[in-house]
Amino acid sequence: MDNQTISPRQFMFLVIFFTIGSSILIVPGPVTEQAKQDSWMSILLSILIGVAIIILYNKIGELSAGKTFIEAFNDVFGNWVGRLFSSFYLVFVYILAALVLRNIGDFMTSQIMPATPLQFTHILFFVVVLGGTFLGIEVIGRSSEIFMPWMILLLLFLFLFSSPQISMDNFKPILGDGVSPMLSASKVMISSPILEMVALLMIFPYVKELKQTKKGWIIGSVIGGSVLLGITSLCILVLGSDLTIMNTYPTYRIGEKISVAGFLEGLEIFIAIIWMMTIFFKLIVLYYASTVGFAQFLSLDDYRPLVLPLGMGTIILSIISYPDVAYFESFVGEIWFSYALSIGFILPLILLAGLLIKKKIKQKGA
Amino acid sequence: MWSSIAIFLIGAGIFLFQFKKLYKNKKMKELWWSSSILVATTFISILESRGVDLPNPLDYIWSFYSTIHSWFGL
């Protein structure tokens with residue numbers, strides 16, 4: 001399919017970008033809504049559960065021996081059953097790509113360019129994603145290396161300049177509502193981005209050095225998770241749990257509150273740049289995974305002929321997939337966890353069982 | 001009306017761009033699938049631009065998982 005490869009370091013950077021991705025927009029509000037000032041504990045718990053899930057993905061990547069998730073399914077379960085399972089996975093990744101595109105579109109049109117039609121924001125953003133996907137995983141990996149220092153710099157900027165407004169009292173009372181809201185809130189981050197990382201199994205075979213790749217995936221997700229932990233904690237410490245819940249984009253509000261020496265103000269655009277970078281990489285990984293997946297599903301030699309036609313579909317799906325923010329919030333709140341769990345956990349478990357049985361049969365035969 | 005024409009022209013442009021390369025390299029299977037998907041997505045895009053109420057795929061996922069939730073009493 002694609003002879004390109006990326007290094008474990010580049011893969012780790014992609015994992016970091018993917019983890020932060022759109023979750024930087026989505027996670028702080030809903031987690032705080034449920035766990036209030038204890039949301040940092042929920043995220044910490046999610047990171048720990050996430051490591052266990054990534055160990056499962058790593059095991060699948062190892063047993064698949066250079067095959068993508070779709071190829072491994074077809075290999076283990078045969079053409080028909082394998083394709084049936086693969087289709088569920090493909091639909092999930094493709095819809096997720098459209099939803100992530102919509103996330104950035106909603107943010108741009110509601111906060112930065114309110115007069116620009118949503119469709120144009122989507123097209124402008126997605127054209128770059130299409131270009132990146134067309135060029136292949138090597139280019140995507142190298143781009144992640146270029147953009148990583150910028151993201152670190154901007155994050156440091158955010159944490160440093162918003163620190164004078166931190167009030168540690170906002171963390172109190174600790175576990176004031178008991179443990180159950182905190183446990184329940186951890187579902188938010190487990191569903192997005194942890195279970196969504198199943199999409200990375202389409203890239204896993206293109207990474208050199210298996211051992212380093214496995215390590216990179218775990219480290220990358222812990223670093224990405226820690227950034228989300230830091231951002232959510234910052235929201236609570238600066239804004240307090242009530243204001244964090246009330247704002248659609250609480251991190252953006254923190255940016256608005258930054259005031260350096262009384263003359264450097266209105267720096268929320270720096271936050272927007274971080275978001276655009278992380279969402280861009282999440283989107284490009286998802287779109288690459290879905291086009292390569294569709295090509296393998298259809299037994300094509302090259303995925304590139306599908307990039308533009310499927311891209312047109314992604315843009316239109318991002319428009320029709322949800323009529324308004326209220327619909328999206330209800331969908332994410334009620335359904336997304338179950339949906340992500342069935343595709344990001346149950347489906348990989350089925351594949352792992354199949355791979356293990358196949359390995360045993362092979363060993364007996366030898 | 002103009003947006004529908006623009007979408008049609010974009011679709012036609014993508015087809016011409018792909019056709020030339022794929023036909024030259026005799027990749028008929030790729031040509032067939034990319035053209036089929038392109039026709040479908042262009043058609044849906046034109047319908048959307050004309051204001052036709054298209055079915056939302058998330059509604060199907062929602063109803064499927066709601067049914068499962070009700071089975072398990074969630």
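**Overall build of chain A and the setting of A:F297**

Buried residues (under 20% relative accessible area with a 1.4 Å probe, protein chains only) make up 60% of the 366 residues in chain A. The model is predicted, so local features need pLDDT of at least 70, side-chain atom pairs count only at pLDDT 80 or more, and totals for chains, interfaces and linings use all residues. Residues are numbered from 1 along each chain as its sequence is written, chains are lettered from A, and side-chain values use heavy atoms, without hydrogens and water.

Chain A has 14 helices and two strands (DSSP runs, numbered from the N terminus: H or I of at least four residues for helices, E of at least two for strands). The radius of gyration, taken over C-alpha atoms, is 20 Å. The globule rule (2.2 Å times the number of residues to the power 0.38) gives 21 Å for 366 residues, so chain A is as compact as a globular protein of that length. Its C-alpha atoms fill a box of roughly 70 × 45 × 35 Å along the principal axes.

Contacts (heavy atoms within 4.5 Å) often link distant parts of the sequence. Of those in chain A with a separation of 6 or more, 84% join residues 24 or more positions apart.

A:F297 lies in helix 12, which covers residues 268–297. Leaving aside neighbours within four places in sequence, A:F297 is in contact with A:I70, A:R83, A:S86, A:S87 and A:L90. A:F11 is 286 residues away from A:F297 in sequence, and their C-alpha atoms are 24 Å apart.

Note on methods: Buried < 20%, exposed > 50% of the residue type's maximum accessible area, 1.4 Å probe, protein only.
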